[in-house]
Every structure is written in C-alpha cells, then in structure tokens.
Amino acid sequence: MKILVTGGAGFIGCNFIYYMLDKYADYEIVCLDALTYAGNLKSLTEALKNPNFKFVKGSISDKAFVDALFDRESFDVVVNFAAESHVDRSIENPFIFLETNVMGTACLLEASKKYGVKRYHQVSTDEVYGDLPLDRPDLFFTEDMKLITSSPYSASKASADLLTLAYHRTYGLPVTISRCSNNYGPYQFPEKLIPLMIVRALDDKNLPVYGKGINVRDWLYVEDHCKAIDLIIHGGIPGEVYNVGGHNEKTNIEVVKTVLRYLSKPESLITYVKDRAGHDLRYAIDPSKITAALGWKPETEFDSGMKKTIEWYLANTEWIDEIKSGEYAEYSKRIYG
Ligand code: NAD
Ligand code: TYD
C-alpha cells in the first residue's frame, strides 16, 4: 500500500504519518507539503529516518507538479490534509485559502481520477456546518446537515467537500470525507488557541481571549483523529461523510484556565480582547455514525490529553523557539500588538 499524505509537515498530518508508520510496517508513505509558515520539516525528523517514508516539497495547487508526482509514484490512497487552516488568517487574506483549499483539492481530485487512485480521503472540519446556538445544548452537528459557513476558511473547506462529493457522483472516484472537531496535541502551530496560550503563558505574556470567552469548541486529542482517518480509509464506504468528535465541549475560558493551572501561572494573564469577526458560537459533533459503522471511539480524556500536550511543549522548546524566530513574530505583533 502506498499512501500520499499531503500537508504532512503540519500539525495533524505529521501526527498521522507517525501513527501510520508505527502501525503499518509495510506501508509506504509519501508526504507532499509546500512548507508554508505552518509546515515544519523538523516535525518529521524521526519519520525521515524510516526507509518507508519520503518527503516531497511542492504545492497541491501546482497541477503539472501534482500530475507528475502521481504518474511517478502510483499511489493507492491519497489523504489530503494540506490546507490553509487558521480562521483569523482567512479573515485577513481569504484568497490564499481559495487557492490552496479549493484549487489544491481540485488538482488532487483530478490526478486521483486520472491515475486510478483507489481511495481519496478529504480531511475536512466541523466548521462547514456553521455554528450552533449556545442555549441549545441538545443540538449537535450530523452528517446530513446543510453546509452554512461563517468564515472564508470554512467556506473554502465546504467548497472542497462539495467538489470531492461531485467527483464521486460524476466520475465514480472512491472518495470519503471526515469532518472533525477542534484538535489539540503535539506539533500544533502556536497560532491556534491551546498552543498559543501555552507558548504565551510560558513567556508570561497576556493571553488574548476573544469576546467574553464563552464560545464553545469540542476538543479532540489528535491521535484519536488519526485513528478515525485510519478506520475510514480502510473501512469507510465511498461517497460517505463521517463526523469525528468526542463530546468534549469546553468554553474557551475554561480551556485557557486549564492551561494556566497546568503551568502554575496566574489568571491575571488573561486579557479579554475584541471579538473575532463572524465568530462561531458553538461546535459540537454527533459521532454516532462513525461509532456505529467503524467502531471508532475517542480514547484520550481531555485531562490526560492536555497533560501530554503541555508536557510535549515543555520538552520541545527548540521547536517553539524556531517558530518564534520566523514569520510568527510579525504575525503575533500584527494580531495581538
Ligand atoms: P496546519 O496548518 O498545521 O498544516 C497545514 C499543512 O499544509 C502545513 O504543513 C502546510 O505547509 C501545508 N500546506 C499549506 N498549503 C499547501 C499547499 N498549497 N500544498 C501543499 N501543502 C500545503 O493544519 P492542521 O491543523 O494540521 O490541519 C490539517 C487539516 O485538517 C486541514 O485540512 C484542516 O482544515 C483540517 N482540520 C483541522 C482541525 C484542527 O483542529 N486543526 C480540525 C478539523 C480539521
Ligand atoms: P482556534 O484555535 O483558532 O480554532 P477555530 O476558530 O478554528 O475553532 O480558536 C478556538 C477558539 O478560541 C475560537 O472560539 C476562537 C478562540 N480564540 C481566542 O479566544 N483567542 C485567540 O487568540 C485565538 C487564536 C482563538
């Protein structure tokens, strides 16, 4: 089995590569990544020592390059993680999100069709369903809900999902889609809530909480997401969408206070700042379809997942320092002052 993993130098992709190399000793994995600000080859240092793993630098939206790669490598399975993934950056500059998330997905789908890929898996997000109200805890995202997006990021991901399903219906391409809730864990770029708060708290910087901090996200430890994708590419039905999430809803302020507690830092670091434009109120996944169809269940509790995550950041200060020395400093200054 030869798998193309795109975006594997990013957070979830690199966790997926380690998970798969460890579980399947006879699988070959090729990672295609453009190494944008969010991609870090250092995250793949250990994988690069494995003879079954290969890294290729390039963009999923470079059609000729993608075609040549598929021609050369004859992939059985494609798992597309590559994306621009941060909502705040999509508010600043939507166009790169369309280029990568929509056109890049189109290039991969077209090459998958042309070269007879046996399974194309699109890694999507629960954000394609828009948001749920804060005062209706009985409501959850299900796979048959309409896609009503709020940010340029979620709109681009929803477009990619629709295109993926169109390739199934029109051309019979064997596709699957997973829509997962917010992930946390090792190697997450410190622009997202949890690593941002860890990194800033360690530097005794203020912790910027948008609005009142009452927005709710449904947090899943990254390894549980990797396990779900593994089950879907092996046993999922072509043309189907699977929601992935672990009924682990937390307000943002609860999450930030958890980080502070683990690091023994004072709550006085919390600073309420201007709310995000179009800020989604609540995400909450109903995972009953993937549980019934493929037996998936989240295995890592929030407390132990947070402990592992924080310990990883404490043990990998070099990884963080390298990020801080690049484009990140300018981004942080622009967004947080
Ligand atoms: P990330 O931003 O950490 O990593 C994205 C990776 O894609 C980076 O390595 C980057 O270099 C690469 N990339 C960007 N543009 C590229 C291009 N044109 N060609 C090739 N590579 C390119 O993202 P992540 O958090 O690991 O998310 C991975 C996927 O999972 C995304 O599709 C995202 O929408 C989805 N997702 C993320 C979450 C989450 O909580 N992080 C939740 C659900 C779904
Ligand atoms: P984020 O990690 O960007 O994920 P997403 O917006 O895709 O869910 O943000 C998670 C939540 O945390 C979201 O409600 C916005 C909030 N947030 C803050 O309050 N402050 C911050 O600095 C960031 C980055 C996010």
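In this predicted model, N215 counts as buried, because its relative accessibility of 5% falls under the 20% cut-off. The residue sits in the loop between β8 and β9, the latter spanning residues 216–218. The side chain of N215 is joined to that of H279 by a polar contact of 3.3 Å.

H86 offers another case of a loop residue with a side-chain contact. H86 is placed in the loop between β4 and α3, and its relative accessibility of 4% puts it in the buried class. A polar contact of 3.2 Å links the side chains of H86 and Y331.

**Strand β1 and its partners**

Strand β1 covers residues 2–6, and five of these five residues are buried, so the strand is largely enclosed by the rest of the structure. The burial extends to both faces of β1. On one side K2, L4 and T6 are buried, and on the other I3 and V5 are buried.

Two pairings involve this strand. β1 pairs with β2, which consists of residues 28–33, in the parallel sense over five bridges. Within that pairing, K2 has E28 as its bridge partner in β2, while V5 is bridged to C31. β1 also pairs with β4 (residues 77–80), again in the parallel sense, over four bridges. Here the bridge partner of T6 is N80.

The connection from β1 to β2 involves helix α1, residues 11–23: β1, α1 and β2 together make a right-handed β-α-β unit.

**Strand β2 and its continuation to β3**

β2 is mostly covered, with five of its six residues buried. Apart from its pairing with β1, β2 pairs with β3 in the parallel sense over five bridges. D33 of β2 has K57 as its bridge partner in β3. The bridges described for these strands are collected below.

| Strand pair | Sense | Bridges | Example of bridge partners |
|---|---|---|---|
| β1 and β2 | parallel | five | K2 and E28 |
| β1 and β4 | parallel | four | T6 and N80 |
| β2 and β3 | parallel | five | D33 and K57 |

**Backbone and accessibility in loops**

The loop between β2 and β3 (53–57) contains L35. Phi of L35 is near 50 degrees, a positive value in a residue other than glycine. L35 is partly exposed, since its relative accessible area is 25%, a value between the 20% and 50% cut-offs.

S264 also has a positive phi, near 55 degrees, and is likewise a residue other than glycine. Its position is in the loop between α8 (252–263) and β13 (270–273). S264 counts as exposed because its relative accessible area is 65%, and the class begins over 50%.

**A contact distant in sequence**

L165 belongs to helix α5, which runs over residues 152–171. With 27% relative accessibility, L165 counts as partly exposed. Along the sequence L165 and G239 are 74 residues apart, yet their C-alpha atoms are separated by 6.4 Å in space.

**The second largest pocket**

The second largest pocket holds about 310 Å³ of space. Its lining comprises 15 residues. D88, Y210, K274, D275 and I335 are the lining residues that lie nearest the centre of the pocket. Elements that give two or more residues to this lining are α3 (87–92), β8 (207–210) and α12 (327–336).

What classes of residue make up the lining of the second largest pocket? Seven of the residues are nonpolar, seven are charged and one is polar.

Terms used
Residues numbered from 1 in each chain as written. Chains lettered and ligands numbered in written order. Predicted model: local features only at pLDDT ≥ 70, side-chain atom pairs only at ≥ 80, totals over all residues. Heavy atoms only, no water. 1 Å grid on protein atoms, 1.4 Å probe; cavity = no way out; pocket = protein on both sides within 12 Å on 5 of 7 lines; lining within 4 Å. Points joined across faces, edges and corners; volume = space filled by probe spheres on them. Nonpolar A, V, L, I, M, F, W, Y, C, P; charged D, E, K, R; others polar. Buried < 20%, exposed > 50% of the residue type's maximum accessible area, 1.4 Å probe, protein only. Pairing = 2+ DSSP bridges. Right-handed = clockwise from strand over helix to strand, strands pointing away. Polar contact = N/O pair within 3.5 Å; in protein donor to acceptor, adjacent residues only side chain to side chain.
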